[in-house]
Amino acid sequence: MSDTARTIHLMRHGAPAIPGLLLGRTDARATAAGIAACRAAAATIAYCEVVASDLLRAQDCAPAPSRIDPRWRELDFGDWDGLPASAIAPDRLSLFYDDPDTHAPPGGERWSALTARIAAALDDCADDTLVVTHGGAIRAALAVTCGFDPRQVWAFHLPYAAILTLRCWPGGTTQIVGLRA
């Protein structure tokens with residue numbers, strides 16, 4: 001493995017003010033406790049640059065973001081956006097979780113579109129970057145860097161304010177260095 005690997009820290013935003021909803025493009029804010037949890041988590045790692053999604057729940061949690069990047073936005077849930085999962089027919093939700101590209105939410109974003117924009121955003125990350133983003137975007141980063149399929153990425157427990165650290169080498173080799181939850 002080359003010495004030119006990059007370390008990228010992916011932090012999920014803090015708990016949203018309105019919990020239990022599918023928040024994609026909905027611009028809900030994080031709670032004060034969620035913001036504090038993210039700032040405390042960020043203080044435990046070394047980073048040189050901070051990038052945040054353009055949604056407020058990520059920006060609020062970022063320690064002095066130097067760059068806002070809308071590519072780190074959550075998956076667009078379309079007609080499901082802002083709804084609790086219980087409001088969606090269980091069979092439709094199950095199809096989505098099994099294959100979010102073929103069974104994207106009505107009016108929403110396909111998984112392949114999310115992974116394409118996350119791949120481009122990852123390419124622009126320098127070494128020791130902290131990215132404050134969303135659960136779906138972090139799962140898409142795992143799919144892009146580690147080759148996990150959509151069903152595998154849902155198996156990762158990513159609580160609010162968790163930090164997933166990746167070490168990415170040129171040529172596509174990636175190591176999951178740690179998950180701080």
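Me: Is R73 buried, partly exposed or exposed?
Reply: In this predicted model, R73 is partly exposed, with a relative accessible area of 28%.

Me: Which residue forms a salt bridge with R73?
Reply: The partner is D54, and the closest N and O atoms of the two are 2.7 Å apart. The pair links distant parts of the chain, 19 residues apart. D54 belongs to the loop between β2 (49-52) and α2 (56-59), whereas R73 belongs to the loop between β3 and α3.

Me: How many salt bridges are found in the whole structure?
Reply: The search of the whole structure gives 10 salt bridges. One of them joins the side chains of R25 and D76, at 2.5 Å from N to O.

Me: Which parts does the pair of R25 and D76 tie together?
Reply: R25 lies in the loop between β1 (6-12) and α1 (32-42), and D76 lies in the loop between β3 (67-68) and α3 (90-98), so the salt bridge ties together parts that are 51 residues apart in sequence.

Me: And what is the relative accessible area of R25, and of D76?
Reply: For R25 the value is 40%, and for D76 it is 22%. R25 is therefore partly exposed, and D76 is also partly exposed.

Me: Changing topic: what distance separates N and O in the salt bridge of R110 and D101?
Reply: Their side chains meet at 3.4 Å, N to O. R110 is partly exposed at 41% relative accessible area, and D101 counts as partly exposed at 21%.

Me: Which residues do salt bridges with shared partners join into one network?
Reply: That network consists of E49, R67, D69, R71 and D124.

Note on methods:
Residues numbered from 1 in each chain as written. Predicted model: local features only at pLDDT ≥ 70, side-chain atom pairs only at ≥ 80, totals over all residues. Heavy atoms only, no water. Salt bridge = Lys/Arg side-chain N within 4 Å of Asp/Glu carboxyl O. Helix = DSSP H or I, 4+ residues; strand = E, 2+ residues; numbered from the N terminus. Buried < 20%, exposed > 50% of the residue type's maximum accessible area, 1.4 Å probe, protein only.
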